[in-house]
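Where does this chain leave empty space, and what encloses its helices? The report below takes these topics in turn.

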Amino acid sequence: MSSDKKRKTSPGSDKLAPAVKNRKLFDPSTVPVFVPTFTPQVSPTPQPSTQPNVLTGSAFHTAIQQLRDNGMTQVSTRFDLNVRGAGETRKVTVSGDYSVHDQGRTGLVQGMLQTPSNTTYTGDGGYNNVVFPKNLSLQRATLEARGIKQLSDSGVDYKADAKVSRLDELKPNATKRKEDNSKFPLSNTLGTFALTSHLEDITAKRAVGLEDVGSGMRARVMATKWQMQLQNSDDPGKGFQSTMLEAFPQIGNAKVKGAGLDHTGIAALKKHWEDGGDTFSWADQKQRIATAHTDAQSAASQMFAHKIGGIEQGKITGGKWWTSNYDTRIKPLLPDLSSDQQDRRDEAQRKFGDIGTEYVQRKMQRHGIRFG
């Protein structure tokens, strides 16, 4: 047999497989050492919590306008009321954080208010649980007017707690708290006329493009207050809750009827208008807003004459504005208003009218009510 004869191999194999070398195991010690780095906080002691930028007066008014008109993302406010009710005098802190919420698929954009106060507008929830009472008293209107002035464009130097606001109708707790032996209700709606009227200013503009709703709400509150003062009676405040709902049905909700609608609230109102409904039309709403403003101006004008009469009789002591204007501008005109000479009478009436208009305009500005 020839020596170069090929060796037979097993089927499917052409050549021998190469030898496999054993791999070295990973040695962690070969990896460069990692050196952690972190610079500790410089402050050696705990720091106070970060507080929101809390605004009142003109700064608040401007910020709300910006939020209403697609500007700032959040506005915060806080102020105190000095309240005498439930048998004791207590400081009541009123606070709120405003923002805007987009409800997504519904397309409804509206203002949002976070506050420890109760914010249900209407219903039978009791005096401490419903923002707008069924009947508004002069005491409650006076208290709420102080909150409204604190958040107005001219309220930068105003102190809502400078005077005690009596509120005899405030419902006390059934039992005293162990912490401070107090029956004063911690859960209440005091000061929320101011908070919620600015919320509705935002919601109306962002949701349906409607102006002056919050201003109209403040106008209706103040018109009612001044009418009660003029009549020396709480009668103008009767039915106040239903009056507010009929004028501003956006403050209701889907379960509440008002203004001829089976469903109220901003979503129901928006749908009613988009569907072409005229039970409570866009024109109706604008008219209710206008009426609230003109009623407030008329009542303020009547208060101007009422206070002059009271000062003349020694029954009323005027505030800062009256101290600055009564003796120098108003009192000298009074004899000429009834003068036998037509020209003197006309001139006195013209000047008197100018001062009266100035007074009304000031009242509107102090309470965040649009004038003109």
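What follows covers the pocket, the cavity, three helices and a set of paired strands.

This is a predicted model: local features need pLDDT of at least 70, side-chain atom pairs count only at pLDDT 80 or more, and totals for chains, interfaces and linings use all residues. Residues are numbered from 1 along each chain as its sequence is written, and side-chain values use heavy atoms, with hydrogens and water left out.

**Empty space**

Rolling a probe the size of a water molecule over the atoms shows where empty space is left. The search uses a 1 Å grid over the protein atoms alone; a cavity is a set of points where a 1.4 Å probe fits but cannot get out, a pocket is an open set with protein on both sides within 12 Å along at least five of seven lines, and lining residues have an atom within 4 Å of a point. Grid points are joined across faces, edges and corners, and a volume is the space filled by probe spheres set on the points. The structure holds one cavity of 30 Å³ or more.

| Space | Volume | Nonpolar lining | Polar lining | Charged lining |
|---|---|---|---|---|
| Largest pocket | about 980 Å³ | eleven residues | nine residues | eleven residues |
| Largest cavity | about 30 Å³ | five residues | two residues | one residue |

In these classes Ala, Val, Leu, Ile, Met, Phe, Trp, Tyr, Cys and Pro are nonpolar, Asp, Glu, Lys and Arg are charged, and the others, Gly among them, are polar.

The largest pocket has 31 lining residues; Lys-149, Tyr-158, Lys-163, Gly-319 and Arg-366 lie nearest its centre. Helix 2 (138-150), helix 4 (213-231), helix 7 (282-312), helix 8 (320-330) and helix 10 (342-366) each give the pocket lining at least two residues. Helices (H or I, at least four residues) and strands (E, at least two) are DSSP runs, numbered from the N terminus.

The lining of the largest cavity includes Phe-132, Phe-193, Met-217 and Arg-218. Helix 3 and helix 4 each supply at least two residues there.

**Helix 2 and helix 10**

Ten of the 13 residues of helix 2 are buried (under 20% relative accessible area, 1.4 Å probe, protein chains only), so the rest of the structure largely encloses this helix. Arg-140, Glu-144, Arg-146 and Lys-149 are among the buried residues. Their cover includes helix 1 (57-68), strand 1 (75-85), strand 4 (164-166), helix 3 (192-208), helix 4 and helix 10.

Helix 10 has 25 residues, and its end C-alpha atoms are 36 Å apart, in agreement with the 36 Å expected at 1.5 Å a residue. That expected span is 1.5 Å times one less than the number of residues. The buried residues of helix 10 include Phe-352, Tyr-359 and Lys-363. Helix 4, helix 7, helix 8 and helix 9 (334-337) are among what covers them. Gly-368 follows helix 10 and has a positive phi, near 65 degrees.

**His-198**

His-198 lies in helix 3. His-198 is buried, at 2% relative accessible area. Not counting residues up to four places away in sequence, His-198 touches Phe-60, Ile-64, Tyr-98, Leu-151 and Arg-218 (heavy atoms within 4.5 Å).

**Strands**

Two strands pair if DSSP finds at least two bridges between them. Strand 1 and strand 2 (residues 88-102) run antiparallel, joined by eleven bridges. Thr-77 is bridged to Gly-96 in strand 2. The two strands form a hairpin with two residues between them, and Ala-86 in the turn has a positive phi of about 55 degrees. Strand 1 also pairs with strand 4, in the parallel sense, over three bridges. There, Arg-84 has Arg-166 as its bridge partner.

Terms used: Buried < 20%, exposed > 50% of the residue type's maximum accessible area, 1.4 Å probe, protein only.
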